[in-house]
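User: I'd like a close look at one part of this model, the helical part towards the end of the chain. Could you walk me through how it is put together and how far to trust it?

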Amino acid sequence: MHLKRTIGLMALSAGLVAAAPAGAQQGDHHRGHHAGPGGGDVPSRVAKRVKRAERALDRASGYADDGNDAAAASALNGVDKNLAAALKAATKRTAAAAF
């Protein structure tokens, strides 16, 4: 049960990592770093948090592969916190662009 929950959280986190920069693409001011192929411009504070979330997700995947479920769950907590911070920063950007 715990492994299924961990895998489910990892899948959800991966989806959020892919979707977080999409919310930051609206608006034309406050241009930041280029997100890469197929991506738009995102502010550095969003890109930094998404990158941290990706690294934490990689660590969680490695821990899960090694059978260390406690460390994987802890790393997924880091993914969650960084994605929440990225979403908050992206929301602030889109709210500021609306005015």
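**The helical part, up close**

Analyst: Some context to begin with: the protein chain has 3 helices and 2 strands, and from the N terminus the order is α-β-β-α-α. Keep in mind that this is a predicted model. Mean pLDDT for the protein chain is 77, with 62% of its residues at 70 or more. Confidence varies by element: α2 has the highest mean pLDDT, 93, while strand β1 (residues 33-34) has the lowest, 48. Around that strand, residues 27-35 stay under 50 in pLDDT, and the model gives them 20 contacts beyond four places in sequence. I'd leave that stretch aside and go to the helices.

Take α2 to begin with. This helix covers residues 44-66, 23 residues in total, and at 1.5 Å a residue it should span 33 Å; the C-alpha atoms at its ends are 33 Å apart, so expectation and model agree. Right after α2 comes Gly67, with a positive phi near 85°. Then there's α3, which runs over 69-98. Its 30 residues reach 43 Å from first C-alpha to last, close to the 44 Å you'd expect at 1.5 Å a residue.

Now for what each helix hides. On α2, the buried residues are Val46, Val50, Ala53, Ala56, Leu57, Ala60 and Ala64. On α3, the buried list includes Ala71, Ala72, Ala75, Leu76, Val79 and Leu83, and further along come Ala86, Ala89, Ala90 and Arg93. For the protein chain as a whole, buried residues make up 29% of the 99 residues.

Several of those buried side chains join up. The largest nonpolar core has 8 residues: Ala53, Ala56, Leu57 and Ala60, together with Ala75, Leu76, Val79 and Leu83. Both α2 and α3 contribute at least two residues each to this core. A separate core of 5 residues lies apart from it, with Val50, Ala86, Ala89 and Ala90 among its members.

Two residues of α3 are worth a stop. Asn82 sits in this helix and counts as buried because its relative accessibility is 12%, under the 20% cut-off. Leaving out residues up to four places away in sequence, Asn82 touches Arg49, Arg52 and Ala53. Ala53 is also a member of the largest nonpolar core, so to speak a shared address. Thr91 is in α3 too, but with a relative accessible area of 45% it is partly exposed. Its C-alpha is 9.9 Å from that of Val46, although the two are 45 residues apart along the chain.

Stepping back to the protein chain, take its contacts between residues at least 6 apart in sequence: 61% of them join residues at least 24 apart. As for the outside, the accessible surface comes to about 6200 Å², and carbon and sulfur atoms account for 56% of that.

Key
Residues numbered from 1 in each chain as written. Predicted model: local features only at pLDDT ≥ 70, side-chain atom pairs only at ≥ 80, totals over all residues. Heavy atoms only, no water. Helix = DSSP H or I, 4+ residues; strand = E, 2+ residues; numbered from the N terminus. Expected span 1.5 Å × (residues − 1). Buried < 20%, exposed > 50% of the residue type's maximum accessible area, 1.4 Å probe, protein only. Core = buried A, V, L, I, M, F, W, Y, C linked by side-chain atoms within 4.5 Å. Contact = heavy atoms within 4.5 Å. Areas by Shrake-Rupley, 256 points an atom, 1.4 Å probe, with all protein chains shown as cover. pLDDT = per-residue confidence, 0-100.
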